Amino acid sequence: MARNKFDIDENLESPFDIRHFKRALVYIKQQKRPMIIALVLSVLSAGIGLTAPLIMQHVVDVTIPEKEVGALFGWSALMLLTIVVSVILAAIRGRIMTSVGQDIIFEIRSDLFKHLQALPFKYYDDRPQGKIMIRVVNYVNSVSDVLSNGIINFIMEILNLVFIAVFMFAVDYRLALVILAGLPVFAAFLLLIKNRQRRSWQSVSNKSSNLNAYMQESISGIGVTQIFTREDRNEGIFTRLATNFRTEWIKAIHYNAMIPFTVDNLATIVTTMIYVVGLLVLSPAEVTFGVILAMSSYAARFWQPILNLSNLYNGFINAVAYLERIFETLDEPVTIKDAPGAKELPPVQGRVTFDHVTFGYDAGNHVLENLSFDVKPGESIALVGPTGAGKTTVVNLISRFYDVTGGRILVDGHNISEATLQSLRSQMGIMLQDSFIFSGTIMDNIRYGRLDATEDEIIAAAKTVRADDFIREFENGYMTEVNERGSKLSQGQRQLISFARTLLADPRILILDEATSSIDAKTERLLQQGMNELLKGRTSFIIAHRLSTVRGCDRIMYVSNKGIAESGSHDELIAKRGLYYKLYTAQKMEAV
Ligand SMILES: Nc1ncnc2c1ncn2[C@@H]1O[C@H](COP(=O)(O)OP(=O)(O)OP(=O)(O)O)[C@@H](O)[C@H]1O
């Protein structure tokens, strides 16, 4: 799909159809046992409830005319008992179904989360995070009721209808037919509005997704908003998105509301018809007053399940709009994955070879073209060059965050696209430009990639990157709580923590993308000493704009024009007086 933004509706790639429905059934089937129990309880509860009109009919036609006072008390007590029992059964069923609904949500959400973790960078490049989040959190919530209670209620209401119909026909088949006559009218009405109603809910899901995306973006970018005093303008954007959502919601609810309205009116008409037919058309000898009373009670009871079914139908149409988005996410292909027959990469020495590699993020727009180089095990490589030249792209390809468009990348002679991702990435230490800090303690953050690391190992890694001193200065030291925005931590401190995290994994191939860009020159010098020790024997790729950081690397590659324009040691490149020389002297001049 094309890149999406918070104010662009997402095209629906695969609208809901029978396949999706079968898939939803998979989640429901896992809850078969409790659902059957709930269904049985519902049937019992409804069956018991249905005896009330029969008791009523008997009391009106026999007990009262014959003045059987004792029997009247008996029937009243029985009626009370039926009500109490049916309420208790309904309550138990309610408890079971709450847990079923939550279990279904849990399963769908787990599958979504698992899948999202496997999806490649490209998926996340293409859409705002808020649009992904809303599917996992809100949409899943919205479908739970339909997939749990909805199914039971649907079966129940159908059974209810059949029961009531049997009772109705048993009492008087002619009046029963009068009650049923409203059904075709209702079916025709549903058909008439079905598509409009469905489109309306799809639009609601889009607008709520847009709004969520904007909210998420606004919260993440709150600092920039306040710096540029964009609050008023952002409020305008928010108001527009919220209004769009509101309009679509009202439209969808309008369709929903039309359904019970129609049911209510049909029920009233049908009940009136019973009196008309019962009192005016049929003779008193044919229908007693008790029969008319029982039938009008059945008419109300018959149209109640229809009303309930139509509410379920509304819920279903609404849930479909969310389910199709949920399944769309689950169907999103995991493009970066183990190839069929992928092999475990053995413990590597760290040789990295680019063999005529071509790559573009978007088709037809190459960032790298026909790039070839060979890095020996243990060699340290600096990637320098202008902004946007492709340095990060080179390291992204080594880690297989994206697959090459042409050519191949080899590690120790093994084509990385034929190796398992786990065996490749577990031998790499990658520090991305964005040194992300997770919520938890500093200790948790350093331990993130190697859960079995001991405290001593964690402290040793922090010492190596010169993070130990500042961490100990916090009141709670390594147990200091931090969060995703890295509160309490300066940018440089965040970098040092994620640096320690990367080193702790003890990788053979180390990738540092602007790992020290926010660290002051003095700390960086100290860090460099520890690093030199650490880099020994490991292949490393270091991206840095500050050239002092990479001077000591074995080889410096100057990335530009979709490839490597210059390559050599610092001294060689300075002697060459080319692009690197220019960059270096320019930086030196700035420093003076
Ligand atoms: N996820 C992406 N989707 C599409 N294009 C991208 C993506 N990431 C980078 N690019 C484009 O690829 C080119 C190379 O980007 P890259 O991040 O590799 O540059 P860089 O040399 O690391 O830049 P910098 O020094 O600014 O970090 C740029 O033109 C950029 O616009």
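Q: Do strand β9 (residues 509-513) and strand β10 (residues 539-543) run parallel or antiparallel?
A: The model is predicted: local features need pLDDT of at least 70, side-chain atom pairs count only at pLDDT 80 or more, and totals for chains, interfaces and linings use all residues. Residue numbers start from 1 along each chain as its sequence is written. Strands of a sheet pair through backbone hydrogen bonds, in one of two senses. Between β9 and β10 there are five bridges, and the two strands run parallel.

Q: Which residue is the bridge partner of I511 in β10?
A: Strands here are DSSP runs of E with at least two residues, helices are runs of H or I with at least four, and both are numbered from the N terminus. Two strands count as paired if DSSP finds at least two bridges between them. For I511, the partner in β10 is F541.

Q: What is the strand order of the open sheet of six strands?
A: This sheet has mixed pairing. Its twist averages 15° from one strand to the next. The order is β6-β9-β10-β3-β11-β12.

Q: Why is one side of β6 (428-431) and of β12 (563-568) left without a neighbour in the sheet?
A: The sheet of six strands begins its order with β6 and ends it with β12. Both stand at the edges, so one side of each is free of a neighbour because each has a single partner strand.

Q: What angle does the direction of α11 make with that of β10?
A: Helix α11 packs on this sheet and touches β3 (380-384), β9, β10 and β11 (555-560). Contact means that the C-beta atoms of two residues, placed from the backbone, lie within 7 Å. Axes are lines fitted to C-alpha atoms, for helices over the stretch in contact, and angles between N-to-C directions run from 0 to 180 degrees. For α11 and β10 the angle is about 150°.

Q: Which strands are the edge strands of the open sheet of four strands?
A: The order of this sheet is β2-β1-β4-β5, with antiparallel pairing. An edge strand pairs on one side only, and that holds for β2 (368-375) and β5 (414-415).

Q: Which strands of that sheet does α11 touch?
A: The helix α11 also packs on the sheet of four strands. Its direction makes about 115° with that of β1. The strands touched are β1 (352-359), β2 and β4.

Q: Which residue of β5 stands opposite V411?
A: Strand β4 (residues 406-411) is joined to β5 by two bridges, and they run antiparallel. In their hairpin two residues lie between the strands, and D412 takes a positive phi near 50°. V411 is also the bridge partner of V352. Opposite V411 in β5 stands H414.

Q: How many bridges join β1 to β2?
A: β1 and β2 run antiparallel. In one position, T353 stands opposite D374 in β2. The number of bridges joining β1 to β2 is five.

Q: Which helix gives the most residues to the shell around the ligand?
A: The ligand is surrounded by residues including D125, Y361, K391 and T392, where near means that the C-beta atom, placed from the backbone, lies within 6 Å. The helix with the most shell residues covers residues 391-398 and gives three, and it is α11.

Q: How far apart are the C-alpha centres of domain 1 and domain 3?
A: An automatic or database domain assignment sets the bounds. Domain 1 is 18-331, domain 2 is 349-427 + 509-520 + 540-592, and domain 3 is 436-506. The centres of domain 1 and domain 3 are separated by 51 Å.
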